[in-house]
Amino acid sequence: MTSDEIALSVKNVSKTFKLPHERHSGLKQSLISKLGGKHRKGYEEQHVLKDISFEVKKGEFFGIVGRNGSGKSTLLKLISNIYEPDSGKIKINGSLTPFIELGVGFNPELTGRENVYLNGALMGFSRKEMDAKYDTIVNFAEIEEFMDQKLKNYSSGMQVRLAFSIAIQSHSDILILDEVLAVGDEAFQRKCNDFFDQIKQDETKTIILVTHGMGNVKRYCDRALLLNDGSIDMIAGPDEVADAYSKLNLTSRIKKRVGDKDLSVEKVEGEPWLEAEITSDIVLRPADTLRAEIKYRYPSNAEIIAKAYIDMRGQPIMATNPRVLEMSGMVTSDTNEHIATYELDLDQFNRGDYRLIVHLEDITTNENVATYGIKGELIFKIVNPDIAAGGALKNKAKMELVR
Amino acid sequence: MNLSNIFSKRNKVLLRELVVTDFKLRYQNSALGYLWSLLKPLFLFAIMYVVFVHFLRFGDGINHFAPMLLLGLVLWEFFTEATKQGMKSITSKANLMRKINFPKYIVVVSATVSAFINLLLNLVVVFIFMLIDGVDFGWTALLLPVTLIVLYAFTLGLTFLFAAISVKYRDIGYIWDVIIRAMFYGTPILYPLQRVVEFSETAAQVLLLNPVAVIIQHARYQLVGGDDVILPQHLFANPIWIALPYVVIVVVGLLAIWFFRARQGKFAEEA
């Protein structure tokens, strides 16, 4: 068995759901929609996955990331054979966990012990096989004294611990795990991490991990797939995918704040006009440079100048006022359209979410006549995988114990 | 429903676990627990006995009509329980099916198996009752398992069909409720078939085209025996009519297997 062997191959898979306008489980609705003809079609088609193709190698730790509604869960359900693809092929080489969620089939009216056996049966283990695994499961979950109580009396943390402990006993070649890492207290989390580290070493086990946590992707995954709106955005190394995912999130955050409309500002005759755009990437590292373009126009011949702020959580942390800083040639006094560029080396910043805000100032009155970016149109994110220090700026201070 | 998989280890384990769970859950938080599944048909029988045998005197001139009434009720109770529970089995497990891949027919089988185990336990009560009533069991009693298997097969076929239909059309549940009520009165359970023959032989013949009626009559004949039970061969000269109920059972079964197999891939999204 070489490690190059393919564990999972997904080829040109598409999936469409018919979403009924109303719940469509009655004869009446069905008759109405059939008699009603074309213009009263009872459902809407939703293309959840569009022509997805990728391969996962044996022994690989493969991540699937994407925003809510991007089709991750549907993809998982297709892989685990819960749904059938409309077109395309999914080939699985080896045994595969058939579940995509922890604690599937848990019944609150049964005791912890009974649930272990029921859950085991759903995974295909007989009573005898579960007998052999039972102690390991209970020890891992650390809930010995609760096993004969009904599950409904468990805390949610205890339930998840039990579910996770059973799941990792499935011993399939391909393990599918959907958002399981953010469970339990710190001690249990550490245990899970150990398990993942250990399984990552195991060349015979293939893991497909679906998660929102980019930390997990970077920590465990060999490669990851970014799903966006039913299509593959990229398949790459964990860092690249994590950055792309952050960017996707940032872009949608901007859209959410500003609305779906265009980010540009309408030019009104006789009014000052100002807009700006980040021309560099919006997900950056400290080694990168933030670049933006500021465009403006003023209706009179007064002397005007563009200024910029960097702002973190509503607090301005850096102001760039060319007049005060005596940057030459920035003042204009005509009614033409101007473009100013903005450049900032980020080497002094820590990671975080920032926003750029630009102003247009009338120098004679010292007044801001136009502002852009206040709604978050110019958000950018600095990612720094190495340093987890707090604060917006890198530490320049020194400390010494003198007494 | 790949035939080679039906009895694979995984599926047997799952079936067993589902049936056991079902039994555990059904009588939880009830003081008498499992006894209820024996008491229910007995109470029902007591009411029917008082009304139809004691007052309306339906059983006059027929030996051991009381235990035959109980036997009929118990078999009928299985038929209704299994079809009603079984047809809901797919839709009620929709949540589970969306999260784990497992053979869908198992939940249908598990629902009917639970009802069948119930039936077997109820039959113990029927036997005791028959002994008290002085029924003389003959060798025909040994054929009862065959009759029970035929009943189970017919029930399972119908249940598969209904379970698959109800995924898209819940209406089938309501329709079946009405049909099964009508069928109850159209099956010689409360009244002996002799009463119908006295009234019209054709009517009796029509009643004996119903597979469940034929099965109940056979079970009665096998246990109580003698001249007190009318079988299809007593009323029909043409063997085609005798065979028809069995043809219905086979056709329903084949139709159910075909339909269920064709639909099951979509259960997870549609249920």
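The following exercises, each with a worked solution, concern a predicted model with chains A and B.

Local features in this predicted model need pLDDT of at least 70, side-chain atom pairs count only at pLDDT 80 or more, and totals for chains, interfaces and linings use all residues. Residues are numbered from 1 along each chain as its sequence is written, chains are lettered from A in the order in which they are written, and side-chain values use heavy atoms, with hydrogens and water left out.

**Exercise 1.** Determine where B:Ser37 lies and whether B:Ser37 is buried or exposed.

Solution. Step one is to place the residue: B:Ser37 belongs to helix H3 of chain B, residues 35–55. Helices (H or I, at least four residues) and strands (E, at least two) are DSSP runs, numbered from the N terminus. Step two is to read the accessibility. B:Ser37 has a relative accessible area of 7% and is therefore buried; the term means under 20%, while exposed means over 50% and partly exposed lies in between (1.4 Å probe, protein chains only). Step three is to list the neighbours. Not counting residues up to four places away in sequence, B:Ser37 touches B:Tyr27, B:Asn118 and B:Asn122, where contact means heavy atoms within 4.5 Å. With B:Asn118 there is a polar contact between side chains, at 3.2 Å. A polar contact is a pair of N or O atoms within 3.5 Å; within protein, one must be able to donate a hydrogen and the other to accept it, and residues adjacent in sequence count only if both atoms are side-chain atoms.

**Exercise 2.** Carry out the corresponding analysis for B:Leu38.

Solution. B:Leu38 is also found in helix H3 of chain B. Its relative accessibility is 19%, so B:Leu38 counts as buried. Leaving out residues up to four places away in sequence, B:Leu38 touches B:Leu121, B:Asn122 and B:Val125. By contrast, 17 Å separates the C-alpha atoms of B:Leu38 and B:Thr112, which are 74 residues apart along the chain.

**Exercise 3.** Describe the interface of chain B and chain A, beginning with its extent and ending with B:Glu17.

Solution. First, 28 residues of chain B are in contact with 38 residues of chain A. The area buried between the chains is about 2,800 Å², with 55% given by carbon and sulfur atoms; buried area is the accessible area (1.4 Å probe) that two parts lose on being put together, summed over both. Next, the rule finds 3 salt bridges across the interface, each a side-chain nitrogen of Lys or Arg within 4 Å of a carboxyl oxygen of Asp or Glu. B:Glu17 and A:Arg127 meet in a salt bridge through their side chains (2.9 Å, N to O). On the side of chain B that touches chain A, helices H2 (9–26), H5 (94–97) and H14 (267–270) of chain B each supply at least two residues. H2(B) gives the most, with 10 residues. Finally, B:Glu17 is in helix H2 of chain B. At a relative accessible area of 4%, B:Glu17 is buried. Apart from neighbours within four places in sequence, its contacts are A:Tyr117, A:Leu118, A:Ala121 and A:Arg127.

**Exercise 4.** Summarise the architecture of chain A.

Solution. Begin with the elements: chain A has 8 helices and 17 strands. Then consider burial: 47% of the 403 residues of chain A count as buried. Last, consider separation: of the contacts in chain A with a separation of 6 or more, 71% are between residues 24 or more positions apart.
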